[in-house]
Amino acid sequence: MSTMRLTVLASGNGSNFQAILDAIDAEELDAEILLLVTNTANCGAARRAIKANIPVCTCTLKSSGGRTQQFETMSKAITESKSDLLVLAGFNLILPKQIVAHFENRIINIHPSLLPSFSGGMSPQPQKSALEAGVKVSGCTVHLVTEELDAGPIIAQRTVEVTPCDTVDSLADRILKEEHLVLPEVIKWFSEGWVFISDGRVTICNTE
Ligand code: GRF
């Protein structure tokens, strides 16, 4: 398979973005990040991208002059990048419908809960809700993005045990460590052509 071209969308610290970069640098992943799209000026993800010489498209609501213009700028940058896969790595905006349609089955998102439980909300809300519900196991999910929030077909999940001493922060940290492993792994599956989607379900089939 050829090198997978990625656009990553992120709004926050960017540790998942960094995990993808590190996997590429370590040659565990045959991919190239063409572009980082962010809606938050000077966020950690943007700083990490600049350090790694990756182009950044910053479209804040304010600088764009409104939601419509923000989505237009974002959509144009994403479409023109000619990426194979869009990766939402802590992106706190719902993508415009046109982008979801244009990249059907080629957009993935990472969410810090075992979906379909505790969908919606940004970190640490899902982890907080999981803790409040008294779950004994939590984790993270990588799924395909559809129009419905956090409801697309599940590609991979990783679990962590919840202990009686856990706080929201300790649980979020432990889940984040798993996120950093599973997200590059899923991108690798796509790059290897191992991801098959049928009837709204994902099967991973190592064709080697
Ligand atoms: C992660 O917990 C991710 O699952 C969620 O937002 C957080 C982003 O963390 N969607 P980071 O910006 O990658 O460090």
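In this predicted model, an oxygen atom of the ligand comes to 2.8 Å from a polar backbone atom of glycine 14. Right next door in the sequence, asparagine 13 also joins in through its backbone: one of its N or O atoms lies 3.3 Å from a ligand oxygen. A nitrogen atom of the ligand has a partner too, a polar backbone atom of isoleucine 110 that is 3.1 Å away. How much of the ligand does the protein bury? Taken alone, the ligand exposes 370 Å², and 91% of that is buried by the protein.

The ligand's surroundings can be described residue by residue. A set of 13 residues surrounds the ligand, and the closest are Gly14, Ser15, Asn16, Ile110 and Glu179. Sorted by class, this shell holds four nonpolar residues, eight polar ones and one charged one.

Where does the ligand sit? The answer is the largest pocket. Three elements give two or more residues to the shell around the ligand: α1 (15-25), β5 (107-111) and α7 (168-192). The lining of the largest pocket tells a matching story, since α1, β5 and α7 each supply at least two of its residues. Which of the elements gives the largest share of that lining? That would be α7, with five residues.

As for the pocket itself, it holds about 770 Å³ of space. It is lined by 37 residues, and the ones closest to its centre are Gly90, Phe91, Ile110, Met122 and Ser123. Ile110 thus turns up on both lists, among the residues closest to the ligand and among those closest to the pocket centre. By class, the pocket lining is made up of 15 nonpolar, 16 polar and six charged residues.

A few spots in the backbone also deserve a look. Leucine 115 and proline 116 are joined by a cis peptide bond, with omega at about 10 degrees. Proline 116 belongs to the loop between β5 and α6 (125-132). That loop also contains proline 124, which is linked to serine 123 by a cis peptide bond, again with omega at about 10 degrees. Ser123 has already come up, as one of the residues closest to the centre of the largest pocket.

Which residue has a positive phi although it is not a glycine? Here it is lysine 82, where phi is about 55 degrees. Lysine 82 is located in the loop that runs between α4 (67-80) and β4 (85-88).

Notes:
Residues are numbered from 1 along each chain as its sequence is written. This is a predicted model: local features need pLDDT of at least 70, side-chain atom pairs count only at pLDDT 80 or more; totals for chains, interfaces and linings use all residues. Side-chain values use heavy atoms; hydrogens and water are left out. A residue is near a molecule or strand if one of its heavy atoms lies within 4 Å of it. A polar contact is a pair of N or O atoms within 3.5 Å; within protein, one must be able to donate a hydrogen and the other to accept it, and residues adjacent in sequence count only if both atoms are side-chain atoms. Accessible areas come from the Shrake-Rupley method with a 1.4 Å probe; for residues, only the protein chains shown count as cover. On a 1 Å grid over the protein atoms alone, a cavity is a set of points where a 1.4 Å probe fits but cannot get out, and a pocket is an open set with protein on both sides within 12 Å along at least five of seven lines; lining residues have an atom within 4 Å of a point. A molecule sits in a cavity or pocket if more than half of its atoms lie within 2 Å of its grid points. Helices (H or I, at least four residues) and strands (E, at least two) are DSSP runs, numbered from the N terminus. Ala, Val, Leu, Ile, Met, Phe, Trp, Tyr, Cys and Pro count as nonpolar, Asp, Glu, Lys and Arg as charged, and the others, Gly among them, as polar. Grid points are joined across faces, edges and corners, and a volume is the space filled by probe spheres set on the points.
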